[in-house]
Amino acid sequence: MHTYANYLIVVAVALSGVYFTAIPPYPLHAASIQNPCCGPVTAAGDRFASTLDGMHVESLWLANEHVNWVTGEPDRGRGYEGPGNHTHCSAFAAAAAKRLGVYLLRPPEHGQELLSNAQARWLDSAEGRQDGWRSVANMQEAQTLANQGNLVLVSYPNPDPHAPGHIAIVRPSEKSFTTLQENGPQVIQAGEHNHNSINVRIGFENHPGAWPNGVRYYVHSLQ
């Protein structure tokens, strides 16, 4: 018989006194909650993570500077106030892809201004698919593919075509199902603040409507 808490209370009498054991009416599967959601990080995943760490994103592709999109180094001086000096998420993503031998829409095919919106459209186009990109069904698959050493992007095109969207790279990470559902995959990104490792929920928080249902995931094999 279940009580108001939906627990079966078993009363056991022992010589030392009376104690209660609560038996839940369904298994909690605690071990599965704590186990990695998306498989182990493979050797290929470790190599991929090492390449990402070598980009030094927290000291390059900094906001409020015009940068060389490939290196992330300032190329117009700190006093430059012209176009292209805001944030550089899309330039960083393109530079990382280039270092990994993968094409992602980039200069000179598209300038740095509003490049993340253009990349989102391109990734979802026939041209993007011809270049080896495909959409990923959900964030669990996205994190799994990154753990296996694939290049996975998370993209948010701004509904306002005149305002920037955002794009980041999913990095290998062993996290629980609970953490994944609460915060999304782990990413490396440039933006208003650059992060070598941060989750999607926080990384995209400056873009209302992005997390959790506005972002899209794409993958390109590195094998």
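L114 is found in the loop between α3 and α4, where the element names follow DSSP runs numbered from the N terminus, helices being H or I over at least four residues and strands being E over at least two. L114 has a positive phi of about 55° although it is not a glycine, and at 33% relative accessibility it counts as partly exposed, the class between buried (under 20% relative accessible area) and exposed (over 50%), as computed with a 1.4 Å probe on protein chains only. The model is a predicted one, in which local features need pLDDT of at least 70 and side-chain atom pairs count only at pLDDT 80 or more, while totals for chains, interfaces and linings use all residues. Residues are numbered from 1 along each chain as its sequence is written, and side-chain values use heavy atoms, with hydrogens and water left out.

The loop that holds L114 also contains P108, which lies between α3 (89–99) and α4 (115–123), and the peptide bond from P107 to P108 is cis, with omega near 5°. A cis peptide bond also joins W211 and P212, with omega about 0°, and P212 has its place in the loop between α8 and β8. A positive phi in a residue other than glycine is found again at H56, where the value is near 55°; H56 lies in the loop between α2 and α3.

Taken as a whole, the protein has eight helices and eight strands, and buried residues make up 43% of its 223 residues. Contact here means heavy atoms within 4.5 Å, and among contacts between residues at least 6 apart in sequence, 61% join residues at least 24 apart.

The strands offer a good place to follow the burial in detail. In β4 (151–156), six of six residues are buried, so the strand is described as mostly covered. In a regular strand the side chains alternate between the two faces of the sheet. In β4, L151, L153 and S155 point one way and V152, V154 and Y156 the other way, and all are buried. Strands are said to pair if DSSP finds at least two bridges between them. By that criterion β4 is joined to β5 by five bridges, the two strands running antiparallel, and β4 is likewise joined to β8 by five bridges in the antiparallel sense. L153 can serve as a landmark for both pairings, since this residue stands opposite I169 in β5 and opposite Y218 in β8.

Strand β8 (residues 216–220) is itself mostly covered, with four of its five residues buried. Besides its pairing with β4, β8 pairs with β3 (residues 134–136) in the antiparallel sense over three bridges, and within that pairing R134 stands opposite V219.

Which residues of helix α2 are buried? In this helix, which spans residues 43–53, they are A44, G45, F48, A49 and L52. Seen down the axis of α2, these buried residues fall within an arc of 135°, so they line one face of the helix, the arc being that of the directions from the helix axis to the C-beta atoms. An α-helix has 3.6 residues a turn, so residues three or four places apart point the same way. What covers the buried residues of α2 includes α6 (139–147), along with the strands β4, β5 (166–170), β6 (186–189) and β7 (195–199).

N183 has its place in helix α7 (residues 177–183) and is buried, with a relative accessible area of 14%. Leaving aside its neighbours within four places in sequence, N183 is in contact with N199, V200, R201 and W211; of these, W211 is also the residue joined to P212 by a cis peptide bond.

The largest pocket has a volume of about 250 Å³. On a 1 Å grid over the protein atoms alone, a pocket is an open set of points where a 1.4 Å probe fits, with protein on both sides within 12 Å along at least five of seven lines, and lining residues have an atom within 4 Å of a point. Grid points are joined across faces, edges and corners, and the volume is the space filled by probe spheres set on the points. Of the 17 residues that line this pocket, the closest to its centre are G191, E192, G203, N206 and H207, and the elements that give two or more residues to the lining are β7 and α8 (200–203). By class, the lining has four nonpolar, eleven polar and two charged residues, where Ala, Val, Leu, Ile, Met, Phe, Trp, Tyr, Cys and Pro count as nonpolar, Asp, Glu, Lys and Arg as charged, and the others, Gly among them, as polar.
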